[in-house]
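This report introduces a protein with a ligand, beginning with the overall fold and ending with the ligand surroundings. Please consult the display below while reading.

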Amino acid sequence: MMLRLVIIGFGNVGQEFARLLLSKREWLRNSRGLIVEVVAVATRTRGSLLLENGLDLERALQELRSRGTLRGYGPEVTDLPPLELIERCEADIMVELTTLNIESGEPALSHVRTALETGVSVVTANKGPVAYAYDDLKALADAHGVHFRFEGTVLDGAPVFSLVERTLPGCNVLGISGVLNSTSNFVLTEMARGRSMDEAVKEAQRRGFAEADPSLDIDGWDAAAKITALANVLMGARSTPRQVDRTGIRGITNESVKAALAESKKIKLVARAERVGGSVRTVVRPELVEPVSPFWTVDGTSSALTLCTDLMGELTIIEANPSLLQTAYAIFSDMLLVAEAVRRGAS
Ligand SMILES: NC(=O)c1ccc[n+]([C@@H]2O[C@H](COP(=O)([O-])OP(=O)(O)OC[C@H]3O[C@@H](n4cnc5c(N)ncnc54)[C@H](OP(=O)(O)O)[C@@H]3O)[C@@H](O)[C@H]2O)c1
């Protein structure tokens, strides 16, 4: 089976996903009978490519490595805007990996909407669309008989949405709590070692896991988008990140981190979703975590999520020190789930 992909947003995650596709090319063909071709990629400032028969991914990556732009690739370079690329390229899956816009989810939301309306399935690690319009997008995907998957939006490649969807049938999620933002967890861990918040943020940027605008991490917006995505998908909330009761870690000092440690506690940025009456309340704030908590050992860039369920009690998933490869794997595994569903003829 041939799978045609268009990748909108070709930065850290997009390029890592491209490298993963290249390294798994044989496995995809031999184990899954899949030939995956990337027929278009779009960036905001580095040019875009459209090749009906699939582009040479190695060459595109090499162009970006050596010249920092795709413009030297050849006559296939285009200035078509992403929405037109999506409509024209006849892809099976649109992979949305543009920068998070916490204000509105745009333009990712429009990219996703256009793809689904055009009959193209969507795989994304961008939290915006799920946090702002999950219900609408799921309904749109169902109406057009295509798929909308977003495992990489929370805990990178660790299964959260797929875990509930595929392995917990009939089990209700009653509450969610998690250490969901790698950057703030890394910053708090480094502050406990004596580094300043500024130094730790710069290190997170240098290592490529901070958001393009790190205030999204430090002020709790990234965690707010993630807990909203989780609450919308797993608890049926119809919420947006703006409705989260949100306090980030900006007010935390080295002294407060040390004072907590002196009492055998750690400060962590914790996100929670819980049912209150008929609605779901979402909160992000620094909390004092004790050694008995499953979050106690979750330091550095690690993340953790606890699902409180009716039939399985509490389940905790810990992702230890993820790298970009784990986010790329989220896209890869979602792509395989879409291919499997297309093969089964399921919508
Ligand atoms: N990095 C991580 O560890 C991680 C983990 C989980 C989820 N995510 C999510 O994954 C997404 C991508 O992250 P990243 O680290 O790859 O970001 P990035 O390195 O900043 O790359 C973003 C890409 O999107 C392009 N882009 C931005 N706005 C665009 C627009 N309007 N039209 C077309 N292209 C546009 C950028 O173009 P230029 O190349 O011209 O700048 C760039 O190629 C984000 O939503 C992020 O929140 C990231």
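In this predicted model, the protein has a radius of gyration of 20 Å, which agrees with the value near 20 Å expected of a compact globule with 347 residues. Along the principal axes, the C-alpha atoms occupy a box of roughly 60 × 45 × 35 Å.

The chain forms 13 helices and 13 strands. Of the 347 residues, 56% are buried. When contacts between residues at least 6 apart in sequence are considered, 70% of them link residues at least 24 apart. The exposed area of the protein is about 15000 Å², of which carbon and sulfur atoms contribute 47%.

Attention now turns to the ligand. The shell around the ligand holds 24 residues, and those that come nearest are Asn-12, Val-13, Thr-45, Arg-46 and Thr-98. By class, the shell comprises eight nonpolar, 11 polar and five charged residues.

Polar backbone atoms of the protein also lie at short listed distances from oxygen atoms of the ligand, as tabulated here.

| Residue with the polar backbone atom | Distance to a ligand oxygen atom |
|---|---|
| Phe-10 | 3.0 Å |
| Arg-44 | 3.0 Å |
| Leu-100 | 3.5 Å |

On its own, the ligand has 890 Å² of accessible area, and the protein covers 85% of that area. Two elements, α1 (12-23) and α13 (324-344), each give two or more residues to the shell around the ligand.

Notes. Residues are numbered from 1 along each chain as its sequence is written. This is a predicted model: local features need pLDDT of at least 70, side-chain atom pairs count only at pLDDT 80 or more; totals for chains, interfaces and linings use all residues. Side-chain values use heavy atoms; hydrogens and water are left out. A residue is near a molecule or strand if one of its heavy atoms lies within 4 Å of it. A polar contact is a pair of N or O atoms within 3.5 Å; within protein, one must be able to donate a hydrogen and the other to accept it, and residues adjacent in sequence count only if both atoms are side-chain atoms. Accessible areas come from the Shrake-Rupley method with a 1.4 Å probe; for residues, only the protein chains shown count as cover. Helices (H or I, at least four residues) and strands (E, at least two) are DSSP runs, numbered from the N terminus. Ala, Val, Leu, Ile, Met, Phe, Trp, Tyr, Cys and Pro count as nonpolar, Asp, Glu, Lys and Arg as charged, and the others, Gly among them, as polar. The radius of gyration is taken over C-alpha atoms; the globule rule is 2.2 Å times the number of residues to the power 0.38. Buried means under 20% relative accessible area, exposed over 50%, partly exposed in between (1.4 Å probe, protein chains only). Contact means heavy atoms within 4.5 Å.
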